Amino acid sequence: MFITNHVLAGAIAGSVFRTRPVADFSLGFATHVAMDMTPHWGNPQIGRDGFYAVAKRDGLLGLATVALVTVAGVPPRRALLAGMAGAAILDSDKPGEFFFGINPLPKWIDRIHKQIQRESPEGLRTELAAGTALASVVAAISVRRRRSLHGR
Ligand SMILES: [Zn+2]
C-alpha cells in the first residue's frame, strides 16, 4: 500500500496506547501487515522508473503527513511517532535501495513482506478510498482529543 496510507494507519495506532510507545509501534506494524494483505495498488507494467516516480510522490506525501500529524496531533506525540514508525518501517526497503543502494530489512522479513502483497493496477481505487477514510479518522481523533484536552 501507499506509505501515506500506512502512516495514517500508524497515526491511528499511535492514538490507542498513548503511554506505551512500544505497544503503539507494534500495533502500527500490525496495520502494515494487514494492509499489505488487503488488495491494493501495484503495477508491474510501469517498471522500476515508473514505480519510483509514484514512490517519490507518495514518499513526500507520507513525510508531509508525518509532519502534519506530529504538529497537529495531541500529545503524547511520542506515541503518535511510534505508531507511524511501526506502520512505515516495513517499507524502509524502498528509500534504502533508492538513496543508499541497500535494503535495511533482514532477508527473511523482506521475503515475507513481498509474499504477502496483493497488488494490482485496479487497487488504486482501494488506495484512494483507504487514504480518504484513514485521513478522516485521524482528523476526527485529533479534534476529539483536542476538545477533551481543553475540557469541551
Ligand atoms: Zn509494505
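Me: Is helix H1 largely enclosed by the rest of the structure or largely open, and how many of its residues are buried?
Reply: Happy to start there, keeping in mind that this is a predicted model. The buried residues of H1 run through Ile 3, Thr 4, Asn 5, His 6, Val 7, Leu 8, Ala 9, Gly 10, Ala 11, Ile 12 and Ala 13. H1 is therefore largely enclosed by the rest of the structure, and the count of buried residues is 11 of the 11.

Me: Which helices do the buried residues of H1 pack against?
Reply: Helix H1 covers residues 3-13. Its buried residues, including Val 7 and Ile 12, pack against these partners: H2, H3, H4 and H7.

Me: How many residues does the largest nonpolar core have?
Reply: A good one to look at on screen. Val 7, Leu 8, Ala 9, Ala 11, Ile 12, Met 84 and Ala 87 have the most contacts inside this core. Helices H1, H2 (21-37), H3 (47-72), H4 (77-88) and H7 (124-149) each supply at least two of its residues. In soluble globular proteins, nonpolar side chains tend to be buried together. The number of residues in this core is 25.

Me: Which residues is Ala 9 in contact with, leaving aside its neighbours within four places in sequence?
Reply: Ala 9 is among the residues with the most contacts inside the largest nonpolar core. It also takes part where H1 meets H2 and where H1 meets H4. Beyond its sequence neighbours, the contacts of Ala 9 are Thr 31, Met 35, Ala 87 and Leu 134.

Me: Are H1 and H2 roughly parallel or oblique to each other?
Reply: The two helices pack with their axes 8 Å apart and at an angle of about 140°. Angles over 145 degrees would count as roughly antiparallel, and 65 to 115 as roughly perpendicular. The angle for H1 and H2 therefore makes them oblique.

Me: How do the residues of the contact of H1 with H2 divide into nonpolar, polar and charged?
Reply: On the H1 side are Asn 5, His 6, Ala 9, Gly 10 and Ala 13, which meet Asp 24, Leu 27, Gly 28, Thr 31, His 32 and Met 35 in H2. The division is four nonpolar, six polar and one charged.

Me: Are H1 and H3 roughly parallel or oblique to each other?
Reply: Their axes come within 8 Å and cross at roughly 20°. The crossing is right-handed. Angles under 35 degrees count as roughly parallel. H1 and H3 are therefore roughly parallel.

Me: How do the residues of the contact of H1 with H3 divide into nonpolar, polar and charged?
Reply: Here Ile 3, Thr 4, Val 7, Leu 8 and Ala 11 of H1 meet Asp 58, Gly 59, Leu 61, Gly 62, Thr 65, Val 66 and Val 69 of H3. These residues come out as seven nonpolar, four polar and one charged.

Me: How many charged residues are in the contact of H1 with H4?
Reply: The axes of H1 and H4 come within 7 Å and cross at roughly 140°, in a right-handed crossing. Ile 3, His 6, Val 7, Ala 9, Gly 10, Ala 11 and Ala 13 in H1 meet Leu 80, Gly 83, Met 84, Gly 86, Ala 87 and Ala 88 in H4. Nine of the contact residues are nonpolar and four are polar, while the charged ones number: no charged.

Me: Is Ile 3 buried or exposed?
Reply: Ile 3 sits in helix H1. Leaving aside neighbours within four places, Ile 3 is in contact with Asp 58, Gly 59, Gly 62, Ala 88 and Asp 91. Because 25 other C-beta atoms lie within 10 Å, Ile 3 is buried.

Me: Is Pro 21 buried or exposed?
Reply: Pro 21 belongs to helix H2 and touches Arg 78, Ala 79 and Ala 82 farther along the chain. The cut-off for burial is 20 or more other C-beta atoms within 10 Å. With 20 such neighbours, Pro 21 counts as buried.

Me: How far apart in space are Pro 39 and Ser 120, C-alpha to C-alpha?
Reply: Pro 39 lies in the loop between H2 and strand S1 (40-41), and it is partly exposed, with 15 other C-beta atoms within 10 Å. Its contacts include Ser 120, along with Arg 118, Gly 123 and Thr 126. Although Pro 39 and Ser 120 are 81 residues apart in sequence, their C-alpha separation is 7.3 Å.

Me: Is the peptide bond from Pro 75 to Pro 76 cis or trans?
Reply: Pro 76 is placed in the loop between H3 and H4. Most peptide bonds are trans. The bond from Pro 75 to Pro 76 has omega near 10°, and it is cis.

Definitions and conventions: Residues numbered from 1 in each chain as written. Predicted model: local features only at pLDDT ≥ 70, side-chain atom pairs only at ≥ 80, totals over all residues. Core = buried A, V, L, I, M, F, W, Y, C linked by C-beta atoms within 7 Å. Buried ≥ 20, exposed ≤ 12 C-beta atoms within 10 Å, placed from the backbone. Helix = DSSP H or I, 4+ residues; strand = E, 2+ residues; numbered from the N terminus. Contact = placed C-beta atoms within 7 Å. Axes fitted to C-alpha atoms, helices over the stretch in contact; angles between N-to-C directions. Nonpolar A, V, L, I, M, F, W, Y, C, P; charged D, E, K, R; others polar. Left-handed = near helix turned anticlockwise from the far one by under 90°.
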